[in-house]
Amino acid sequence: AVVSTQSTGQDLETRENIERWSFDINCDKSIRNCPDLTKPAELKSIQKGIQDVIRQIVSSVTFLPVLESSCSFDILVYTDHDVTIPVGWDETTAKIVIGSENVQLKGFSTSVHTVTPSISYKMP
């Protein structure tokens, strides 16, 4: 399955999309059952990959503009067409940031998944 999650910062006054955080998670569809993730080496590798992404998110304050206005945040989830969508979820647009700067963060891979994080943001 290809699942991507995005958070979209939206200026409450103008409803303009000003930030978009994307975490593209791609799964190897040829693997029927998840490998045993209790193996210390695999688990340690996954935890290190997540820690590395979190460190990059924290350090993004050095280049992202300060958001002076009140903002709302939406979580967007993209799925394959054959996935059952939970009750209460609605369809929406992609929430693209027009005229944005884009930063590709360093991702990581496991034996099943590849995670590719990126940030799109609008300069004031």
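This passage describes the nonpolar core, an aromatic pair and a surface patch of a predicted model. Local features need pLDDT of at least 70 and side-chain atom pairs count only at pLDDT 80 or more, while totals for chains, interfaces and linings use all residues. Residues are numbered from 1 along each chain as its sequence is written, and side-chain values use heavy atoms, with hydrogens and water left out.

The largest nonpolar core (buried Ala, Val, Leu, Ile, Met, Phe, Trp, Tyr and Cys residues joined through side-chain atoms within 4.5 Å) consists of nine residues: Trp21, Phe23, Val53, Leu64, Leu105, Phe108, Val115, Ile119 and Tyr121. Two or more residues of this core come from each of strand E2 (17-27) and strand E6 (113-121), strands being DSSP runs of at least two residues and helices of at least four. E6 gives the largest share, three residues.

One aromatic pair is counted (ring centres within 6.5 Å). Phe63 and Tyr121 form this pair, with 6.0 Å centre to centre and 45° between the planes; it is tilted, as planes under 30 degrees apart count as stacked and over 60 as edge-to-face. Phe63 lies in the loop between helix H1 (40-59) and E3 and Tyr121 in strand E6, so the pair ties together parts that are 58 residues apart in sequence. Tyr121 is buried, at 8% relative accessible area, whereas Phe63 is partly exposed, at 30%; buried means under 20%, exposed over 50% and partly exposed in between (1.4 Å probe, protein chains only).

On the surface, Ile75, Val77, Val83, Ile85 and Trp89 form a nonpolar patch. Ile75, in strand E3 (residues 71-78), is exposed, with a relative accessible area of 61%.

Technical notes:
Patch = residues over 30% accessible without salt bridge, like charges linked within 9 Å, V, L, I, M, F, W, Y side chains within 5 Å. Areas by Shrake-Rupley, 256 points an atom, 1.4 Å probe, with all protein chains shown as cover. Salt bridge = Lys/Arg side-chain N within 4 Å of Asp/Glu carboxyl O.
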